[in-house]
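Here is a short tour to read alongside the viewer. Please have the sequence to hand as you go.

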Amino acid sequence: MKDTITPVAVPRAINWNRLQDDKDLEVWNRLTVNFWLPEKVPLSNDVQSWATLRPEERELTIRVFTGLTLLDTIQNTVGAPALLPDAQTPHEEAVLTNIAFMEAVHARSYSSIFSTLCSTKEVDEAFRWSEDNPHLQAKARAILSDYAPGADPLKRKIASVFLESFLFYSGFYLPMYWSSRARLTNTADLIRLIIRDEAVHGYYIGYKFQRALERETEARQAELKDYAFALMFDLYDIEAKYTAELYDGIGLTEDVKAFLHYNANKALQNLGYEALFPPAACEVNPAILAALSPDSENHDFFSGSGSSYVIGKAVATEDEDWDF
Amino acid sequence: MGGLVYYSSASGNTARFVAALGLSAARIPIRPADPMPAPALPYVLICPTFADGMGRGAVPKQVIAFLNDPARRALIRGVIAGGNRNFGETYALAGKVIAAKCAIPVLYSFELAGTETDVTRVRAGLDRFWGTECLTP
């Protein structure tokens, strides 16, 4: 009998000993070594601290975390998988599936925080709020339209980097703020693990964007740059409204916005672009920066501020490659 | 004024920072097969950080290979480190590791490709630094 079935394409078995792009292995190693699960963080140590928050502060915190859950859900089920067909190497596909899975871990982590600290009723209310909040829904839609099948592969990467490196930060601000005031410090430890992962994701997708951009014509490069800055303006506009709605009540909106500007510039740098917001707009509250990277003051030997002759604390830096 | 030596991976963040400084600088190659720069005068090293969550692997292998040579290492006077605060306590860790290994100061740290403020501070800082440093090896 004649076989009339159209042959399906079989992918080639991945060989990690033949790399087309060394960055794939470098990032794979970084992500797998950094793997974690929420069970590793003793969230229950925050129960007492949670009880000291005022009801409106608790409501704000739960809402912020449902907003973050939505972004992680999108990146897990739509965003990272949408990048797979555009992958240039089999190793890139493997890295993207790791990214997709970690986004599921992140989304799952917020539910661990909720089940440890909050009542079911509070959490259900916050999830309803997230479904009805026009700004949260607007930012999700703006990103999803770039992820849609048939969308421009490079615009998809731009949207993905903005989600990873910019859109999360209106939310990440709050646990860093609580941590700087010695509240919810275990929750902050968990969020720092998420922030670390998102930094690698934004870096890697931005790197792949830059490699792909090199192959485009000048006209197309200009079009994509215009697109990136226009999308950043649109997203910033939504974020500013979302931020005001969340943070006006505790008087932190302007402080959060400085953090947004700072992160918007870093997202653009991940794509290889220059900053959009001027330095004066990016002066992040030092307590927030310190909460982001504890024990790592900004060295400025030149200005004479800060400690300098740091002959570093012993960290795990043993490396057989050093000859001295 | 002394020199600058830098490493930048294929992502190009550190290369963009160095380009913004507008100072001549020798690049440590990404590929081990390519020739290393051979500085004749004292220099400051600009190096990004690639640490994992435990701080391992902070200094790129090519930078380690560059510093393993005693003649090149003898001329290093300071280090400027790149990084990302999102990596928490390992932010700009490469600077601390190189400082400890070579007994030289961490002069400055910056994120990704740096900001306008970073560029201004580093330019002015290097000017002053070389004004006070002894340039004879």
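## Around Arg156

A:Arg156 touches A:Ala82, A:Leu83, A:Asp86, A:Asp146, A:Tyr147 and A:Ala151, leaving aside residues up to four places away in sequence; a contact here means that two C-beta atoms, placed from the backbone, lie within 7 Å. This is a predicted model, in which local features need pLDDT of at least 70 and side-chain atom pairs count only at pLDDT 80 or more, while totals for chains, interfaces and linings use all residues. Residues are numbered from 1 along each chain as its sequence is written, with chains lettered from A and ligands numbered from 1 in the order in which they are written.

A:Arg156 sits in helix 7 (residues 153-167) of chain A; helices are DSSP runs of H or I with at least four residues, strands are runs of E with at least two, and both are numbered from the N terminus. A:Arg156 counts as buried because it has 21 C-beta neighbours inside 10 Å (buried means 20 or more other C-beta atoms within 10 Å of the residue's own, with C-beta atoms placed from the backbone). From A:Arg156 to A:Asp146 the C-alpha distance is 5.2 Å, with their positions 10 residues apart in sequence.

## The annotated tyrosine

The unreviewed UniProt entry marks A:Tyr110 as "active site"; such annotations may be inferred rather than shown by experiment, and positions follow the numbering used here, with feature names shortened. A:Tyr110 lies in helix 4 (residues 90-117) of chain A. Its contacts, not counting residues up to four places away in sequence, are A:Phe65, A:Leu68 and A:Thr69.

## The whole chain

Chain A has 12 helices and 0 strands. Buried residues account for 43% of its 324 residues.

Methods: Buried ≥ 20, exposed ≤ 12 C-beta atoms within 10 Å, placed from the backbone.
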